[in-house]
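Here are my notes on the model you sent, set out as numbered points. Please read them with the structure open beside you.

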Amino acid sequence: MAAPKKAVAGPLVGAVVQGTNSTRFLVFSSKTAELLSHHRVELTQEFPKEGWVEQDPKEILQSVYECIERTCEKLDELDIDISNIKAVGVSNQRETTVIWDKLTGEPLYNAVVWLDLRTQATVEDLSKKIPGNNNFVKSKTGLPLSTYFSAVKLRWLLDNVRNVQRAVEEGRALFGTIDSWLIWSLTGGVNGGVHCTDVTNASRTMLFNIHSLEWDKELCDFFEIPMGILPNVFSSSEIYGIIQAGALEGVPISGCLGDQCAALVGQMCLQEGQAKNTYGTGCFLLCNTGRKCVFSEHGLLTTVAYKLGREKPVYYALEGSVAIAGAVIRWLRDNLGIIETSRDLEKLAKEVGTSYGCYFVPAFSGLYAPYWEPSARGILCGLTQFTNKCHIAFAALEAVCFQTREILEAMNRDCGIPLRHLQVDGGMTHNNVLMQLQADILHIPVIKPFMPETTALGAAMAAGAAEGVNVWSLEPQALSVLRMERFEPQIQATESEIRYATWKKAVMKSMGWVTSQSPESNRLHLH
């Protein structure tokens, strides 16, 4: 006779977190927000040419199924009944662009990842078409014209990949960011899959009007993108469709947020003026600006933060994006071989406690906020014969902190109210040397939740709170106060000023490295 299942407090909610480096599936109790089980799969990235970054959409989808199955097996081992999972939320790496065939379900090309640089020439061509006195792209989307966003990646695919052109001509092509590809596939794919996205992901495509919350015909005409391939746009919290296969067959997908917005919700930054920084592959600082769009004078993006229900108001955020944060650790591991795991970095940095005048600007994909300088490349400077790998490790951590400070300063200038502390999350926050350095360099306290999986929590909250699911309350009094750890600044302000000023000097040296004549920017056509 089978042993009876142990009871678990109330209904459960699952969250898919599809990131640049890995996919995870996590299951939370909707009553206590406790993480009950999870599984993670690391993903491969392909670099077919200098500056190109791709992923296989089928590998991404497979990893989602694998994470769901494995997590359900782990719950089973814990005697937790998976029929208690009432909803699933999706959070995803944003801007990464997929085009697939709606008749076969096959991707028509690899996913072009957000930090891919192949569209540099596309961006240069398009920027010549924007009238100098009326940047309608920026005023409608809140975004600068950059290689970062989906529209230019989509334009490149339409220009360069015959398969994609043919599928568009024959009406077989669907475009989506990763959330759309996953939701379409999970809800049946070729058999009635739902082609949709949410307002947060749509707001990162450069085709979406963040005021009217609709795809914008003028923008689609500007990028010459057929509107028929775009997904339907919904709020971040409603039932989109039902999972059609695997361990969670029959469970609704009812939450969808771009990963940075999910972290903002998971950090409970639901009031105007609250901000969080996520340390992942890149670094993303978002400040909730309430129901109004704040346009940045200092190189930040204006973006949709969330809309937690069809009838609920939309909230906006100012965002500063750093392309390379955790990716610098991966680079030290895979390209230089000076560490074997990210844990080693903390050890090396701790050993010396200083970069000894060595500065590292990891502009591998150009510089994002606040510079938007695609011609920049990574540099290490201030080296002497005394510099060793420990100093380089320390300089890499400092680089993450300096980049965050640049964004924080821009945000303080745009909002007019300096942040008194910074809430942080993401994989790199396990590194206590980094957290202390961040407090020292910002000269404000850094506050980290004990449960660092805030991106997953945000996606779970959106899914659990959706109409028709209603197992998670988003009322302020219902949101349990997450336990936090504080890092207070421990060095003199003058010392952090001097180091920061030197870092700025290094950033200036990294700029203007690539010209359109240099070999790496030559365009190649694929057939």
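1. A word on naming comes before the rest: helices (H or I, at least four residues) and strands (E, at least two) are DSSP runs, numbered from the N terminus. With those names, tyrosine 356 sits in the loop between α11 and β19 (359-361). The model is a predicted one, and the points below should be read as such.

2. Tyrosine 356 is not a glycine, yet its phi is positive, at about 50°. Its relative accessibility is 47%, so tyrosine 356 counts as partly exposed, the class that lies between under 20% (buried) and over 50% (exposed).

3. Aspartate 79 is another non-glycine residue with a positive phi, here about 60°. The loop that holds aspartate 79 runs between α1 (57-77) and β5. Aspartate 79 is partly exposed, with a relative accessible area of 27%.

4. Methionine 268, just after α9, also takes a positive phi of about 60°. Helix α9 itself covers residues 259-266, and 8 of its 8 residues are buried, so the helix is largely enclosed by the rest of the structure. Among the buried residues of α9 are Asp259 and Gln260, as well as Leu264 and Val265.

5. The open sheet has 6 strands in the order β3-β2-β1-β5-β14-β13, and its pairing is mixed. β3 and β13 (237-242) are the edge strands, each of which pairs on one side only. From one strand to the next, the twist averages 25°.

6. Within this sheet, β2 and β3 run antiparallel and are joined by 7 bridges. One residue pair to look up is phenylalanine 28 with leucine 35, its bridge partner in β3.

7. Helix α6 packs on the sheet, where it touches β1, β5 (85-92), β13 and β14 (252-258). The direction of α6 makes about 145° with that of β5.

8. Is serine 185 of helix α6 buried or exposed? Serine 185 lies within α6, which spans residues 178-186. Its relative accessibility is 11%, so serine 185 counts as buried; the cut-off for that class is under 20%. Leaving aside residues up to four places away in sequence, serine 185 touches Leu61 and Tyr65.

9. Strand β17 (residues 301-306) is mostly covered, with 6 of its 6 residues buried. β17 pairs with strand β18 (residues 315-322) in the antiparallel sense, over 5 bridges. Valine 304 has tyrosine 316 as its bridge partner in β18.

10. The largest pocket holds about 1200 Å³ of space. It is lined by 42 residues, of which Asn21, Arg40, Gly280, Gly427 and Met428 are the closest to its centre. The elements that give two or more residues to this lining include the strands β1 (12-18), β2 (22-29), β3 (35-42) and β15 (275-279). Helices also give two or more residues each, among them α9, α10 (326-334), α11 (342-352) and α14 (454-464).

11. What is the make-up of the lining of the largest pocket by class? It has 21 polar, 12 charged and 9 nonpolar residues. When reading these figures, keep in mind that Gly is counted among the polar residues.

Note on methods: Residues are numbered from 1 along each chain as its sequence is written. This is a predicted model: local features need pLDDT of at least 70, side-chain atom pairs count only at pLDDT 80 or more; totals for chains, interfaces and linings use all residues. Side-chain values use heavy atoms; hydrogens and water are left out. Buried means under 20% relative accessible area, exposed over 50%, partly exposed in between (1.4 Å probe, protein chains only). Contact means heavy atoms within 4.5 Å. On a 1 Å grid over the protein atoms alone, a cavity is a set of points where a 1.4 Å probe fits but cannot get out, and a pocket is an open set with protein on both sides within 12 Å along at least five of seven lines; lining residues have an atom within 4 Å of a point. Grid points are joined across faces, edges and corners, and a volume is the space filled by probe spheres set on the points. Two strands pair if DSSP finds at least two bridges between them. Axes are lines fitted to C-alpha atoms, for helices over the stretch in contact, and angles run from 0 to 180 degrees between N-to-C directions.
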